[in-house]
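Q: Got a minute to go through this one with me? I'd like to start with the ligand site.

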Amino acid sequence: MRLRNISGSREAIAESPYVIPEAELTQCPGTWAERFEKKQPLFIEIGMGKGRFIHTMAKEHPDVNFVGIEKYSSVLLRAIQKMEEEELPNLKFIRMDAENITDVFGKGEVNRIYLNFSDPWPKDRHAKRRLPSKEFLDRYDYILDKDGWVEFKTDNRDLFDFALEEMKERDWKADVVTFDLHADEELMKGNVMTEYEERFSSQGNPICKYIIRR
Ligand code: SAM
């Protein structure tokens with residue numbers, strides 16, 4: 001997702017109280033518990049887009065702190081606007097490329113990672129950029145608590161098959177694998193729809209999901 005360049009979006013982000021300033025990011029490892037009102041588990045979403053999922057999750061789970069990560073300012077701006085409409089004390093944002101995620105979260109500091117409708121990067125030479133790739137799993141391995149896990153949803157079957165191969169290669173274990181999430185009543189309990197999930201499921205595309213841990 002890359003919205004048209006919205007003029008002033010970088011400035012709006014720099015001024016937003018909901019966004020961790022870029023210059024502060026490398027000081028963040030080990031400090032996340034103090035950056036929120038309450039010390040409680042930390043869940044992150046990588047590639048949150050306009051932030052509908054993470055905003056809803058933060059509202060429904062006030063006993064968890066959430067951080068939404070997005071690469072593009074113009075997209076992040078939409079998530080900020082949502083927060084301006086409905087402020088939540090347990091949600092913050094970061095504008096960054098998740099490739100550098102181990103510079104921002106300390107070892108074992110994160111309790112759960114959500115990947116929703118990640119960009120597919122279909123060319124083989126770009127496989128390392130896919131968020132469920134083994135290169136990214138190694139980064140998640142570092143920042144995740146030992147009991148933490150990764151949840152991934154997509155309608156892209158090729159990307160999902162790739163993700164299943166990559167997790168096996170790194171010896172992660174699957175608690176859940178489904179190729180049709182919306183047909184599974186049990187798994188749908190508490191499911192929060194993302195913007196892309198709503199769009200693709202309404203077109204009749206089945207949604208794949210895994211939950212994996214080491
Ligand atoms: N998660 C949202 C949803 O399900 O509606 C948005 C999905 S959209 C296809 C993928 C988003 O991930 C885009 O906004 C993109 O900018 C962001 N993204 C992709 N790679 C990223 C990376 N390496 N670091 C941070 N954000 C990334």
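Q: So how many residues surround the ligand, and which are the closest?
A: This is a predicted model, to be clear. In it, 18 residues surround the ligand, and the closest are Gly47, Glu70, Ala98, Asn116 and Thr194.

Q: Okay, what does glycine 47 offer the ligand?
A: A polar backbone atom: glycine 47 has one 2.9 Å from a nitrogen atom of the ligand. Asparagine 116 also puts a polar backbone atom 2.9 Å from a ligand nitrogen. For lysine 71, the distance from a polar backbone atom to a nitrogen of the ligand is 3.2 Å.

Q: And how much of the ligand's surface does the protein bury?
A: The protein buries 97% of the 600 Å² that the ligand exposes when taken alone.

Q: Which pocket is the ligand in?
A: The largest pocket is the space that the ligand takes up.

Q: What's the mix of residues in the shell around it?
A: The shell divides into 8 nonpolar, 4 polar and 6 charged residues.

Q: Which domains do those shell residues come from?
A: Domain 1 (1–25 + 47–104) and domain 2 (107–214) each supply at least three residues to the shell around the ligand.

Q: Back to threonine 194. What does its side chain do for helix H7?
A: Threonine 194, one of the closest residues to the ligand, caps the N-terminal end of H7, which covers residues 195–202. A side-chain oxygen of threonine 194 sits 3.3 Å from the backbone nitrogen of tyrosine 196.

Q: What about just after H7?
A: Glycine 204 comes there, with a positive phi of about 90 degrees.

Notes: Residues numbered from 1 in each chain as written. Predicted model: local features only at pLDDT ≥ 70, side-chain atom pairs only at ≥ 80, totals over all residues. Heavy atoms only, no water. Near = heavy atom within 4 Å. Polar contact = N/O pair within 3.5 Å; in protein donor to acceptor, adjacent residues only side chain to side chain. Areas by Shrake-Rupley, 256 points an atom, 1.4 Å probe, with all protein chains shown as cover. 1 Å grid on protein atoms, 1.4 Å probe; cavity = no way out; pocket = protein on both sides within 12 Å on 5 of 7 lines; lining within 4 Å. Sits in = over half its atoms within 2 Å of the grid points. Nonpolar A, V, L, I, M, F, W, Y, C, P; charged D, E, K, R; others polar. Domains from an automatic or database assignment. Helix = DSSP H or I, 4+ residues; strand = E, 2+ residues; numbered from the N terminus.
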